[in-house]
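Reader: I would like a close look at one part of this protein and what surrounds that part. Please take me through it in plain words.

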Amino acid sequence: MLTVTFIRHGQSTDNVRHVWAGWADAPLSQRGRAQAEALGAYFSQTPFTKIYASPLKRAATTAAFVLAAQPAPQPPHDFTIESIKEQNFGVAEGKPWCFPDYKTSKSLSEYMSEGKYPTPRAGERFPDGESDEDLAARATQVVDEVIMPHVRSAARAGRAEHIALVSHGLCIGALIRALLKRDSSRVAPTREYTGMQNTAWARVVINMQGFADGTPIDFADEDTHPLIVTAMDFGRADHLVKLKINAGGTGKIAYDPKQRDIRAFFSGAANTVATEQSESNAQGGIDGEAKN
């Protein structure tokens, strides 16, 4: 059995600017650092077999906090996985996002000629960027090249493995959908899997039919064994319940790892929707979140 925990990165300085931020490499804000630290503490008693992360600063730094809190011996890690970067928004990177006017048939190029960058329609992409289909294809590649090797190794060894992938909102949604499609017993997933807060997490469990913990399965890599794929959790953010909203707008200040006097703020159940915008807002996601 393989358990995959998908983690969205902490708040970045671009998140609070409400701009398209896919491959743009903004660092964590001070609030993002506090979120990542709380996340690491939350998972400190959850030993991961391996931790993967997007190389973008907001994801790699979040992953570093998770790794640092892991029990000894710390698991192997790879924070250079290009294929789990966020969707590339091309020429829109760094530009303010906006909602399209659904009452008009204005094209994306017409919007951009006015200096506006709304969410592209289905099948469209910003120039030099990726479409939703491109992202879905990349997610399929991740399943084949990153996740399936762990499924096979767990089955061959007759043991359970648990990996973490620290990525981005849209990419995580695409990865979950790509995994669910590997279960031939289910209909194609219809849920969008969008709307995760910064450092929220999701979990998918993958079983190979005939697999039982402690019972190794012998097979060749090219063999296709039926999978049972179950989405267990989505958008969990228990670790953020006591995290206070930054006073004075300090969420816009980049986190400096050399600063040792930054403290996390704690109070009641603060759901920082207003300050934690990312990509899914631009696509009408839930919880007022945007998607990067």
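Author: C98 is partly exposed, at a relative accessible area of 22%. That value lies above the 20% under which a residue counts as buried. C171, with a relative accessible area of 1%, is buried. The model is a predicted one. A disulfide is a covalent bond joining the sulfur atoms of two cysteines. The count of disulfides here is zero, as the rule asks for a pair of cysteine sulfur atoms within 2.5 Å.

Next comes the largest pocket, whose volume is about 310 Å³. Two elements, helix 4 (132–157) and helix 5 (169–180), each give two or more residues to the lining of this pocket. The lining has 16 residues, and those nearest the centre of the pocket are D132, A136, A174, R177 and E192. Sorted by class, six lining residues are nonpolar, five are polar and five are charged.

Helix 4 deserves a further look. It has 26 residues, which at 1.5 Å a residue should span 38 Å. The C-alpha atoms at the ends of helix 4 are 36 Å apart, which agrees with that expected span. Helix 4 is also bent: the angle at I147 is about 45 degrees, and the proline P149 follows within four residues. Just after helix 4 comes G158, which takes a positive phi of about 65 degrees.

To put the pieces side by side: helix 4 helps line the largest pocket and bends at I147, while C171 is buried and C98 is partly exposed.

Methods: Residues are numbered from 1 along each chain as its sequence is written. This is a predicted model: local features need pLDDT of at least 70, side-chain atom pairs count only at pLDDT 80 or more; totals for chains, interfaces and linings use all residues. Side-chain values use heavy atoms; hydrogens and water are left out. On a 1 Å grid over the protein atoms alone, a cavity is a set of points where a 1.4 Å probe fits but cannot get out, and a pocket is an open set with protein on both sides within 12 Å along at least five of seven lines; lining residues have an atom within 4 Å of a point. Grid points are joined across faces, edges and corners, and a volume is the space filled by probe spheres set on the points. Ala, Val, Leu, Ile, Met, Phe, Trp, Tyr, Cys and Pro count as nonpolar, Asp, Glu, Lys and Arg as charged, and the others, Gly among them, as polar. Buried means under 20% relative accessible area, exposed over 50%, partly exposed in between (1.4 Å probe, protein chains only). The expected span of a helix is 1.5 Å times one less than its number of residues. The bend at a residue is the angle between axes fitted to the seven residues ending there and the seven starting there.
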